[in-house]
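The following paragraphs lead the reader through selected parts of a protein chain. Please keep the sequence and the structure in view while reading.

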Amino acid sequence: MAWRFKASKYKNAAPIVPKAEACVREICVGSYQTYGNNIAASAAFMAFNWEHSGSSVAVLPLDDCGRKSKTMPLLHGHTDTVTDLKFSPFHDGLLATASQDCLVKLWHIPEKGLEQSLSDPEAVFSHKQRRVETVGFHPTADGLMYSTAAGCVALFDIAAQKEIFSNNEHPEVIQSASWREDGTVMATSCKDKCVRIFDPRAAGSPIQMLAESHQSIKDSRVVWLGNQSRILTTGFDAARLRQVIIRDIRNFNTPEKTLELDCSTGILMPLFDPDTNMLFLAGKGDTTINYLEITDKDPYLIEGLRHTGEQTKGACLVPKRALKVMEAEVNRVLQLTSNMVIPIMYQVPRKTYRDFHADLYPETTGYKTELIASEWLNGTNQAVPKMNLDPAKREHGDEPIIPRLGPKPFSSNTGDVSFDKVFAVPVAPGSHENISTVGQEICGDAPTGSSKPDLIVEIEIQKNEPTVAGNGNGNGNGNGNGNGMQKSLTTSERRKSSADDDESSDKIFEQNSESSENSTEGEDRTDADLRRFSAVRSSIAERRRVYESRSKSQVDEKAQSPVPLRRESSKIEPLKPSQQVGGNSNVIPAGGIDSKRISVPEGKLLEEHRGQRGNGAGLKKSATEAAFSAASTKRTSTVFGKVSKFRHLKGTPGHKSTHIENLRNLSRQIPGECNGFHANHERVAVPLAGPGGKIAIFELSRPGRLPDGVIPSLVNGSNIMDFQWDPFDAQRLAVACDDGIVKLWRIEEGGLNEPTNVPQGELTAHLDKIYFIRFHPLAADVLLTASYDMTIKLWDLRTMTEKCALSGHTDQIFDFAWSPCGKLGASVCKDGKIRVYNPRKSETPIREGNGPVGTRGARITWALEGHYIVCTGFDKVSERQISVYNAQKLTAPLNTASLDVSPSILIPYYDEDSSTLFVTGKGDSTIYCYEITDEEPYICPLSHHRCSSLHQGLSFLTKNHCDVASVEFSKAYRLTNTTIEPLSFTVPRIKSELFQDDLFPPTRITWSATLSAEDWFGCNDKSAAKVSLKPEGMDTLSSIQQVPAPVKKPEHTQFANKSEYETNKQQEIQKSVSARMEYNTKLEQDDMEGVDENEWQE
């Protein structure tokens, strides 16, 4: 037993905490409910969550220190909290981040760190509407990344940018995963209280072993102990004591060692160094970091010196090659606190630090590997070569090990291949480089075929740059001057091209009829040619093949997004006869200053191109011109999905002087079908707790602190089920009670001064409780009520009579929404059905489909002028979700977005002018924002707004109360436990002094009645009028970006004289340039003092 008392070299390793000046200080870190460590480090950088929302990531050099500014460059890549982040073990500048927004993103950190904020990742991988919990890299294969979401384990080949493995056999959420050092298998810990050994390459089920682990469903972690046959897990037992368990996979069901620690609530994050067998346990929320040494015999865990300091938010280990080996630093822990990053150095005491102590530094895993993802997946195992940390045996001696900031260069025949060229974001559709590359791929090995109709062609309309188009040999040889677009001209090149009179070699558009006639692919060739203008984006794998082949036509220019494109008057012009035969160059104006993007379905261009080939005539009105007129409602195409003008919307709470404070005694017993809070532009209604069904009315014109004492209220005498302001009368409030009676109250000018129990009118609507009430959006005095008797009734409030009743529901009715036209209505029911009614023509639904399967509650609303229906609800596991349906086909949702698990019902509000959907629930602190589109994916996430406190309700005002001068496109009031706060949603714009007419189209008048109840019940429908929100005296944004009308072409365009065509173009360019450019013909010599005329004569 003497071995038990043998002293370890690392037994006395002591934590050394630097002074505050040597730490990263004054950072902003929140508390995040994630399974990640919230911080990661490579040999060059550190990365950690930023701000309380955690959706941004700060990246700093590893040796950075000092105070940090709140405006420092960040990675703004996710719309929700970043759950995990890891650096590649082979590339110190390659960072992977996972988020609750269901995405995994790859980032390339420049060698000098972040000099400006980044929002465009190198690659994006999706987990199909499932929150991503963990992410990481394979320990031996370069370019192989894993991530977990719910019970799914997925592997991604980064080079091919595709998912190569996916497994969903875990029954619950995977809380942690760790690879064996040799990369053969991985271990996972799951919420089902089990730990598993997982082999993705195994035939059959990848789960090779399973054993019961910690007996609490709280967070658990697993780490593989290097290359040993043992794993270590941390978690909680049934009594919620923190545990550490060591298992040997050769006897997996029986723990080798179980260590119980304390009853703290923070999960222990295990940080293990396989070279020294040092284990660090940092608990989230703890102020201590435990150091233990792991042995292969009893007692297995030997406790070392404990560090006590700041409260821990996250922790990670620094790679061994970044350590200060000449100071006997054997490990370094980066401790993330609420406002600091503290590098804790673990040093082994030695008499002298002049020499390298080789006994402390065994050879460690290197950072170079020859194994790639595809080889590993096919069964190849290859260990990463070891490296020596002795400075005398390094390539550069005592100098720091030069970090690898990019991936292993792919083999190429000519030229070098940089990170940006191989792993750069696929170029934005419509950019010169992308069109050239796609054209080459089509001419080369890439298969051709008909394009998908839902692809988008992005066209940017700009002004003031003449660009030259030339003849092209579109014969598919991949020549640089062939089919495709080249880089835009620089200023010097434009001057040269002007001087050479259209002899520039840079070409932008070529269309050669001769090549089309010689094509052997028929109509598919035509489609392939047109795909140069499409949004088809080459994947990283395709780009890799292109770079390996390195054809002469490869454009070496770095990807640009967006690039200068054409303005409206320079869209695809009809081909001149001289172009079709001789292919001479023609000047085509291109943009250079103010741009505007429009989206055109690729199918339209295909049809037009085919029509052009069929009749030989030019395009009289191209799809791009048609789309320009509808640019305000179309979305543009980007690299990884859709982008919107409202993408970066910003929610701003009103100043404290506009708040109503000192609210008290709010009711918490309002049914789920009621929104619990309703406001108009003059006053708000808030239910109060206690008997009598009281509703307090507060005047928005009198903000401030409410006096103590009795709050004046409306006393209804029965429990309140729902209430709503009349949309056309700011003084009338309808309140539904559990006795089946709807009470109509009129609030006098100046508001309530004392409690009252005398309503203006009473409507006995049902014999049972009422679920909810809804006013008609266009007709005055039309009210809808839904009751426990599973019927919906429509009432004329002028005569207090029932007009019609709707049936067909078989269970509790959750919600009902009127269509924008006011003719139809949609309901969602507890029986899992969505029904569409035409109340004036049929008592039964005219369409029916499947809705949310959860029975907790649901909401429904219409979108996109009544063509789509949006429904919020729950799935089988009580996860909140948003579904979009085609209003004509309710069989299945077009797309469903999952949010989180929460008991509160998502209440939607849809702004039809911006197509923005706001959803939030009672007790939430986040207002989720999405854009609803008529093309995939139908639900596009925008920037969510996170409030400083929980809210109990949210109510939006009509469009005419928005401050459009401040680019405010939506305004709401938010109810918290003690306040009512205004909330403004704006869009950042540079020229905010102009009326942003692209954001504010003419809006429907919904604040005054369009027709009377008599007209509506008599089927005398009338559309709501529209009004412009432009304030008087404001100039519009489009007025300074006015695009000249295109020159009208005669019917015989293709037989027109070329010189006349060129003349028109030249005149148009000269006018455009003259209008924009400032020039001065005065010379510098004119201001100089000259000599007298007589002196010249002498």
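In this predicted model, a convenient place to begin is strand β67, residues 953-956, which is joined to β68 by four bridges, the two strands running antiparallel. Within this pairing, glycine 953 is placed opposite leucine 975 of β68.

Strand β68 itself spans residues 968-975 and is mostly covered, with seven of its eight residues buried. Besides its bridges to β67, β68 is joined by seven bridges to strand β69, residues 980-986, and this pairing is also antiparallel. One pair of residues illustrates the register: serine 970 has phenylalanine 985 in β69 as its bridge partner. The connection between β68 and β69 is a hairpin of four residues.

Attention now turns to an earlier part of the chain. Here four strands make up an open sheet, ordered β11-β12-β13-β14, with antiparallel pairing. Because β11 (132-137) and β14 (162-167) each have a single partner strand, they stand at the edges, and one side of each is left without a neighbour in the sheet. From one strand to the next, the twist averages 20°. The pairing of β11 with strand β12, residues 144-149, is antiparallel and extends over five bridges. Valine 135, for example, has serine 147 in β12 as its bridge partner.

The database record adds a further layer. An unreviewed UniProt entry places the feature "repeat: WD" at residues 75-117, 763-799 and 806-847. For one of these spans, residues 763-799, the model gives a content of 51% strand and 0% helix, and the C-alpha atoms at its ends lie 10 Å apart.

How confident is the predictor across the chain, and where is its confidence lowest and highest? The protein chain has an average pLDDT of 77, and 73% of the residues score at least 70. Confidence is lowest in strand β33, residues 456-461, where the mean is 36, and highest in strand β58, residues 859-863, where it is 96. Over residues 544-642 the pLDDT is below 50, and this stretch has 301 contacts in the model beyond near neighbours in sequence. The pLDDT is also below 50 over residues 1047-1057, a stretch with eleven contacts in the model beyond near neighbours in sequence.

Notes:
Residues are numbered from 1 along each chain as its sequence is written. This is a predicted model: local features need pLDDT of at least 70, side-chain atom pairs count only at pLDDT 80 or more; totals for chains, interfaces and linings use all residues. Side-chain values use heavy atoms; hydrogens and water are left out. Two strands pair if DSSP finds at least two bridges between them. Axes are lines fitted to C-alpha atoms, for helices over the stretch in contact, and angles run from 0 to 180 degrees between N-to-C directions. UniProt positions are given in the numbering used here, feature names are shortened, and annotations may be inferred rather than shown by experiment. Buried means under 20% relative accessible area, exposed over 50%, partly exposed in between (1.4 Å probe, protein chains only). pLDDT is the predictor's confidence in each residue, from 0 to 100. Contact means heavy atoms within 4.5 Å.
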